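Please open the model in your viewer and keep the sequence panel beside it. The tour below goes from one selection to the next and says what is to be found at each stop.

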Amino acid sequence: MFLGSDCIALVTGASRGAGKGIALALGDAGATVYVTGRSQAEGDSALPGTVYATAEQITQRGGRGIAVVCDHANDESVAALFAQIERDHGKLDILVNNALCVPEGLTLPGPFWEKPLSLQDILNVGLRSSYVAAYYAAPLLVRQGGLLVNTSSPGGRSYMHGPAYGAGKAGVDKMAHDMAVDFEPYQVAVVSLWMGLLKTERTEAAFEADPDLYRDMMAMVESPEFTGRVIAALSADKNRMARSGKVWFAAELGAEYGLADIDGRLPPSPRLMFGDQTTFSDVVIQ
């Protein structure tokens with residue numbers, strides 16, 4: 001899938017993890033990719049990766065990577081980001097809302113009141129930050145009839161890591177549906193993508209710490225780049241508006257587009273484990 005350097009994309013939260021993989025895949029497609037993050041140097045985070053390293057890898061792989069240090073908890077920082085894209089290009093073809101605060105203690109066992117109260121930070125950088133980014137991106141997206149993607153998971157419909165995580169994922173799913181209503185006259189497609197278990201720096205560390213516990217899960221992992229390939233195919237799809245306002249399993253969209261992961265496999269759909277994706281009413285009250 002080739003998008004070309006005239007395709008301007010932004011992937012938030014791309015120092016590592018899902019965001020980095022998505023950005024690299026868009027770079028493989030030749031796009032100009034802005035990547036945001038707070039990690040400027042190794043050691044800024046307990047996990048490896050920086051926003052500058054991601055941008056450099058995008059360029060090495062045939063795209064053009066542009067790093068922007070941005071704290072998505074700070075609205076002024078986000079506004080400055082989109083002002084820069086406006087000055088540089090005057091448009092935005094793809095926005096991927098991926099920035100997410102992963103608080104310490106998220107995967108601890110037990111009820112939510114026995115976990116740190118800071119778990120609700122995920123509702124700030126994750127849910128709220130996706131709204132703010134879309135708000136500032138909208139004038140740029142409508143000029144091109146672009147694509148807005150919220151990265152999400154089946155945690156939006158099932159119990160996963162407790163109510164804070166679930167509310168955050170359910171929120172970005174519903175946000176995609178509702179924003180699609182507002183964007184429809186401008187031919188901007190908005191979707192929420194349920195990714196599978198991703199092979200990221202965080203999951204690799206967990207696997208290494210307890211390989212017996214995660215042995216069965218390791219066979220199910222997909223690369224973060226696979227999601228990026230799905231997003232590139234969505235962007236190139238002339239009929240993408242038919243998918244707008246809905247929640248999709250990334251693996252199932254990948255199958256429809258005939259895509260494979262970087263290892264040549266098609267990741268399995270999590271549908272059998274988690275059930276159908278969320279659907280919303282067609283009622284619109286304005």
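Select Gln 187 to begin, which at 46% relative accessibility counts as partly exposed, because that class covers whatever falls between buried (under 20% relative accessible area) and exposed (over 50%), with a 1.4 Å probe and protein chains only. Gln 187 sits in the loop that joins H5 to S6, where helices (H or I, at least four residues) and strands (E, at least two) are DSSP runs, numbered from the N terminus. Although Gln 187 is not a glycine, its phi is positive, at about 60 degrees.

Before you move on, note that this is a predicted model, in which local features need pLDDT of at least 70 and side-chain atom pairs count only at pLDDT 80 or more, while totals for chains, interfaces and linings use all residues. Residues are numbered from 1 along each chain as its sequence is written, and side-chain values use heavy atoms, with hydrogens and water left out.

Next, select Met 241, which is in contact with Gln 187 and also with Glu 184, Val 188 and Ala 189, once its neighbours within four places in sequence are left aside; contact here means heavy atoms within 4.5 Å. Met 241 belongs to the loop between H8 and strand S7 (246-249), and is partly exposed, with a relative accessible area of 22%. If you add Ser 77 to the selection, you will find it 164 residues from Met 241 in sequence and 31 Å from it in space, C-alpha to C-alpha.

Now go to His 161, in the loop between S5 and H5. His 161 has a positive phi of about 65 degrees without being a glycine, and with a relative accessible area of 32% it is partly exposed.

From there, select helix H4 (residues 124-141) together with helix H5 (residues 163-183). Two packed helices are described by the angle between their axes and the distance between the axes. For H4 and H5 the angle is about 20 degrees and the axes are 9 Å apart, where axes are lines fitted to C-alpha atoms, for helices over the stretch in contact, and angles run from 0 to 180 degrees between N-to-C directions. That makes H4 roughly parallel to H5, since angles under 35 degrees count as roughly parallel, over 145 as roughly antiparallel, 65 to 115 as roughly perpendicular and the rest as oblique. Among the residues that make this contact are Gly 126, Leu 127 and Ser 130 of H4 and Ala 167, Gly 168 and Gly 171 of H5. The residues of the contact divide into ten nonpolar, four polar and no charged, where Ala, Val, Leu, Ile, Met, Phe, Trp, Tyr, Cys and Pro count as nonpolar, Asp, Glu, Lys and Arg as charged, and the others, Gly among them, as polar.

Select H1 next. Eleven of the twelve residues of H1 are buried, so this helix is largely enclosed by the rest of the structure. Just after H1, look for Gly 30, which takes a positive phi of about 90 degrees.

Keep H1 selected and add helix H2 (residues 51-60), whose axis comes within 8 Å of that of H1 and crosses it at roughly 25 degrees. That makes H1 roughly parallel to H2. Lys 20, Ala 23, Leu 24 and Gly 27 in H1 meet Thr 54, Gln 57 and Ile 58 in H2, and these residues divide into three nonpolar, three polar and one charged.

Then replace H2 with helix H8 (residues 224-236), which has 13 residues. H1 and H8 pack at an angle of about 50 degrees, with their axes 7 Å apart. That makes H1 oblique to H8. By class, the contact of H1 with H8 has eight nonpolar, four polar and three charged residues.

How many of the 13 residues of H8 are buried? Eleven of them are, and H8 is mostly covered. The buried residues of H8 pack against helix H1 (17-28), strand S4 (94-97), strand S5 (147-152), strand S6 (189-194) and helix H9 (250-256).

Finish at Thr 278, in the segment after helix H10 (271-274). At 17% relative accessibility, Thr 278 counts as buried. Leaving aside its neighbours within four places in sequence, Thr 278 is in contact with Gly 156, Arg 157, Trp 194 and Val 247.

Terms used
The expected span of a helix is 1.5 Å times one less than its number of residues.
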